[in-house]
Amino acid sequence: MSLLTLVENALKHNVATRNAPLDIRISADESGITITNPVRPVLSVESSGIGLSNLSSRFGLAGAGTVVVSNTDDVFTVTLPWLPERAA
């Protein structure tokens with residue numbers, strides 16, 4: 001569900017057209033799952049930042065560690081840490 005939230009945010013906040021689709025990349029390594037997209041802001045969308053804040057809170061409550069967000073002029077990246085294993 002966290003990936004869906006991040007993909008929706010990327011589409012909401014960036015320009016994507018048939019001629020210029022938004023390149024959303026999802027990868028995984030030992031640190032977690034990383035979602036990256038180019039920054040091509042939609043000018044008419046306001047952001048409250050609640051989505052990323054809620055996501056970070058949920059991962060913290062699950063004991064997973066810190067959600068890492070990086071936003072430069074060109075690239076927006078979010079890394080979600082792996083959730084800890086639960087005892088059966």
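**Fold, core and surface contacts of the predicted chain**

Beyond its neighbours within four places in sequence, Ser2 makes contact with Leu55, Phe59 and Leu80. The model in which these contacts occur is predicted. Ser2 lies in helix H1 and is buried, its relative accessible area being 18%. Its three contact partners, Leu55, Phe59 and Leu80, are also members of the largest nonpolar core, described below.

The chain contains two helices and four strands, arranged along the sequence in the pattern α-β-β-α-β-β. Its C-alpha trace spans about 50 × 25 × 20 Å along the principal axes. Of the 88 residues in the chain, 22% are buried. The exposed area of the chain is about 6,200 Å², of which carbon and sulfur atoms supply 56%. Among contacts with a separation of 6 or more, 55% link residues that are 24 or more positions apart.

Helix H1 covers residues 2–13 and includes Leu4. In contrast to Ser2, which is buried at 18% relative accessible area, Leu4 is partly exposed at 45%. Leu4 and Val69 are 65 residues apart along the chain, and their C-alpha atoms are separated by 16 Å.

Strand pairing was examined next. Strand E1, residues 25–29, pairs with E2 in the antiparallel sense over five bridges, and a hairpin of two residues joins E1 to E2. Within this pairing, Ala28 has Ile33 of E2 as its bridge partner, while Asp29 stands opposite Gly32 in E2. E2 also pairs with E4, again in the antiparallel sense, over six bridges. Here the bridge partner of Ile35 is Val78 in E4. E2 thus has pairings with both E1 and E4. Five of the seven residues of E2 are buried, so this strand is largely enclosed by the rest of the structure.

The largest nonpolar core consists of nine residues, namely Leu6, Ile33, Ile35, Leu55, Phe59, Ala64, Val67, Val78 and Leu80. At least two of these residues come from each of strand E2 (32–38), helix H2 (50–61) and strand E4 (75–80). The core includes Ile33, the bridge partner of Ala28. It also includes Ile35 and Val78, which are bridge partners across E2 and E4. Val67, another core member, has contacts beyond its neighbours within four places in sequence to Leu55, Ser56, Phe59, Val78, Thr79, Leu80 and Pro81. Of these partners, Leu55, Phe59, Val78 and Leu80 belong to the core as well.

Helix H2 has 12 residues, for which a span of 16 Å is expected; the separation of its end C-alpha atoms is 16 Å and therefore agrees with the expected value. Just after H2, Gly63 adopts a positive phi of about 75°. Ala62 is located in the loop between H2 and strand E3 (68–71). With a relative accessibility of 23%, Ala62 is above the 20% limit for a buried residue and so counts as partly exposed. Leaving aside neighbours within four places in sequence, the contacts of Ala62 are with Leu83, Pro84 and Arg86. For one of these partners, Leu83, the distance to Ala62 is 7.1 Å from C-alpha to C-alpha, at a sequence separation of 21 residues.

One salt bridge is found in a search of the whole structure. Side chains of opposite charge can pair when their charged atoms come close. In this case the side chains of Arg25 and Asp23 meet, with an N to O distance of 2.8 Å. Arg25 has a relative accessible area of 54% and, because this value is over 50%, is classed as exposed. Asp23, at 38% relative accessibility, counts as partly exposed. Neither residue of the salt bridge is therefore buried.

How values were computed
Residues numbered from 1 in each chain as written. Predicted model: local features only at pLDDT ≥ 70, side-chain atom pairs only at ≥ 80, totals over all residues. Heavy atoms only, no water. Core = buried A, V, L, I, M, F, W, Y, C linked by side-chain atoms within 4.5 Å. Buried < 20%, exposed > 50% of the residue type's maximum accessible area, 1.4 Å probe, protein only. Contact = heavy atoms within 4.5 Å. Salt bridge = Lys/Arg side-chain N within 4 Å of Asp/Glu carboxyl O. Expected span 1.5 Å × (residues − 1). Areas by Shrake-Rupley, 256 points an atom, 1.4 Å probe, with all protein chains shown as cover. Pairing = 2+ DSSP bridges.
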